[in-house]
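Me: Please take a close look at one part of this structure, the largest pocket. What lines it, and how do its residues divide?

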Amino acid sequence: MLQRLSFLAILLLIAACGGPTEPAADTEAVGAETAVVEPELVTTESGGAPTTGRFELGRHYLRLSPTQPTSSSPSDVEVCEVFWYGCPHCFTFDPLLEAWRTAQPEHVSFVRVPAVWKPLLVLHARAFYTAEALGKGAEMHPEFFAEIHERRNMLDTESKLEAFFARFGVEPAAFKAAFDSVGVQLKLQRADELSRRYRIQSVPTIVVNGKYTTGGGEIASFPDLLALVDELVAAEHEGR
């Protein structure tokens, strides 16, 4: 019976790696909302595809039209990963992505945006931004994955998250203050807005410079996905 339950839990995790782009109920307004005009996902590029023959626009990646704004400097090429801590594919991809990130030149700006299309994803997104607010983001990021996928603790309640943060020296009061803060709530709203702007349907998804989107559903392997990202980054840096 226990084995069957574990199998069902795995199936639910995998299923939750894809989802709709409607706003999550928990991210509703703190202050004024920004109207979001969702772009189209197109399969052609007026100036020609920016990649070599190895990767095809419309098959391995799509174009967001119009290009969406980024949070990075205009002189940088932004690479954004949309992810979820409970996603087994994100868990597998994360160490490869982290090794790739640390090897990038200065003109590449890497950001992470947590997916927020279901209540559990919103809870984990809130935990991600709470860790960031407490200055624990880099330390705790891989540990969220390990806690869920290796230790089988889904961190699916606020009390479980409080206990988890305590292992990193965070007092309950400090956790609660950050977890419920306006700053974290605003970042959740921003994550929801970006999910709609980027037309996120599954995780992990990579968005290059607010213009190109790709993910595990389009590419055969994660090393190939990073090779595609390299080509798109190079094309954007060259101004193509």
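Reply: Start with the character of the wall. The lining of the largest pocket divides into 13 nonpolar, three polar and eight charged residues. Here Ala, Val, Leu, Ile, Met, Phe, Trp, Tyr, Cys and Pro count as nonpolar, Asp, Glu, Lys and Arg as charged, and the others, Gly among them, as polar.

This is a predicted model: local features need pLDDT of at least 70, side-chain atom pairs count only at pLDDT 80 or more, and totals for chains, interfaces and linings use all residues. Numbering runs from 1 along each chain as its sequence is written, and side-chain values use heavy atoms, with hydrogens and water left out.

In total, 24 residues line the pocket. Phe110, Val111, Arg112, Phe128 and Glu132 lie nearest its centre. The volume is about 520 Å³. A pocket is an open set of points on a 1 Å grid over the protein atoms alone, where a 1.4 Å probe fits, with protein on both sides within 12 Å along at least five of seven lines; lining residues have an atom within 4 Å of a point. Points are joined across faces, edges and corners, and the volume is the space filled by probe spheres set on them.

Which elements give two or more residues to the lining? They are strand 3 (77–83), helix 2 (88–102), strand 4 (108–114), helix 3 (119–133), helix 4 (137–149) and helix 7 (182–197). Helix 4 gives the most, with five residues. Helices (H or I, at least four residues) and strands (E, at least two) are DSSP runs, numbered from the N terminus.
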